[in-house]
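Here are a few friendly notes to read alongside the structure. Take them one point at a time, and find each residue in the viewer as you go.

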Amino acid sequence: MTVWVILYWVGAAQAAMLAAALWRSRSNAHANRVLSAWLGVIAVDLAVKAGYMASATTALGDAYRIARLLPLFYAPMFFVYVRVLTTGRAPRWRDLAHAAWFGLALAWAGGRWLGGAPLPVAGSWDAPWFDPLLYLVAFAYLAAALRCVARYRRRLEAHRSDADRLSLRWLTALAAGQFVIWGIALLQWLVRLPYLDYYLIYGAVAAWVCVIGWFSLSQPPVATTAETDPVADPSPDPSPGGDGLAGDARVDDVEARLSELMARERLYREPALTIAQLARRSGYPEYLVSAVINRRLGGNFWEYVNRHRIEAVRASLSDPAESRAILELAYDAGFTSKSTFNTAFKRLVGETPSAFRRRHAEPEPARGKSPDGDGATGPASPSTRPD
């Protein structure tokens, strides 16, 4: 018992300090204030539990009973935090509607309390709907938060070539931690396994607070909605189901201009290239450039730029005289992440960059030797065939 009390106090103190630091943070200010309020709720929850476990007084018992309703805040507040973070918009009064689940449970508990009915201190609440409601709210809001992250990533990939750097993987890690905690709680409710109890669940919450601190204090500024949403065009395609291409005689010119910018000016080498910048350089509206990339050239803007980057790296790796390191070539081509480069290269080329370089570093006779071993060479590969 003493171990859990200490762990809860440490988690409460950590949550309170993080809440104070994030409230003053200037990076992602609106979202961090929501996160600060959420951590404040967690700090109160853990502190009340630690205090009651250390000294079960009547006053702490009453607080403990009400604190057992606070988990109804957890997932809804995380969802609001994610939505504010990915849109850049300040919280609104209507966001208080997400506290309705806690309000419902509090009204029910308060009615029983005032009516003289005892409220349980441990174990499940008496109402048969409480636990199903708790888990339904938790998993539904966590799924909604992940959906917000997925939409944000799609917007990024449609408008920024450095989408991988801003894709909020750390936020997915926070959500995964919550899924684990709620999964433990659900399993404990359904199965009642040894050592899988109430104390372990909140021990996991206390430990998870440290994970929040690690990610939240090192989070980069998040691109706002204005930077990731499409720019409204004064003359988009008005036809039903139009994609910005139907009837536009400029399509071929746009495609040729984009090819010129990538082949001659090598704009793909700019790590933070955006579709707005590309449109300005091309001289055509952003909606039309985006439509040509999506409908004529295949894939979104991020994929289109990365294809050119991979081709540039592949050309360098095919050159036996090229001595620079693979990662140096990747960064020179515009990539900002080693993992993104490796994944994109293997997906487009079919092998790793190292394997590709080794294969092209072999002597030409060895690579083109005929199956009969007579030294005759077969057809040259596309990378070695003369122009």
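1. Start with residues 196-217 of this predicted model. The span is 86% helix and 0% strand, and its end C-alpha atoms lie 31 Å apart. Now look at residues 6-23, where the span is 100% helix and 0% strand, with 26 Å between the end C-alpha atoms.

2. Where do these spans come from? Both are listed in an unreviewed UniProt entry under the annotation "transmembrane region". That annotation also covers residues 35-54, 66-84, 96-113, 133-150 and 170-190.

3. Next, some aromatic residues. W4, Y8, Y199 and Y202 form one aromatic cluster. Y202 has a charged partner as well: the charged end of K49 sits over the ring of Y202, 4.3 Å from the ring centre. Elsewhere, R309 places its charged end over the ring of F335, 5.7 Å from the centre of that ring.

4. How many aromatic pairs are there? The count comes to 17. One of them is formed by F79 and Y141, whose ring centres are 5.7 Å apart. Their planes meet at 65°, and edge-to-face applies over 60 degrees, so this pair is edge-to-face. The pair links distant parts of the chain, since F79 belongs to helix α4 (residues 71-87) and Y141 to helix α6 (residues 130-159), 62 residues apart.

5. Are the two partners in that pair buried or exposed? Buried means under 20% relative accessible area. F79 has 11% relative accessibility, so F79 counts as buried. Y141 has a relative accessible area of 12%, so Y141 is buried too.

6. Now move along the chain to helix α16 (residues 353-361). Which of its residues are buried? They are P353, F356, R357 and H360. Seen down the axis of α16, these buried residues fall within an arc of 95°, so they line one face of the helix. Try looking down the helix yourself to see this face.

7. Finally, visit E351, which is in the loop between α15 (338-349) and α16. Its relative accessibility is 17%, so E351 counts as buried. What does the side chain of E351 make a polar contact with? The partner is the side chain of R359, at 2.6 Å. Leaving aside neighbours within four places in sequence, E351 is in contact with F345, K346, F356 and R359. One of these, F356, is also among the buried residues of α16.

Notes:
Residues numbered from 1 in each chain as written. Predicted model: local features only at pLDDT ≥ 70, side-chain atom pairs only at ≥ 80, totals over all residues. Heavy atoms only, no water. Buried < 20%, exposed > 50% of the residue type's maximum accessible area, 1.4 Å probe, protein only. Helix = DSSP H or I, 4+ residues; strand = E, 2+ residues; numbered from the N terminus. Arc of directions from axis to C-beta. Polar contact = N/O pair within 3.5 Å; in protein donor to acceptor, adjacent residues only side chain to side chain. Contact = heavy atoms within 4.5 Å. UniProt positions renumbered as here; feature names shortened; annotations may be inferred. Phe/Tyr/Trp six-rings, centres within 6.5 Å; stacked < 30°, edge-to-face > 60°. Lys NZ or Arg CZ within 6 Å of the ring centre and 35° of its normal.
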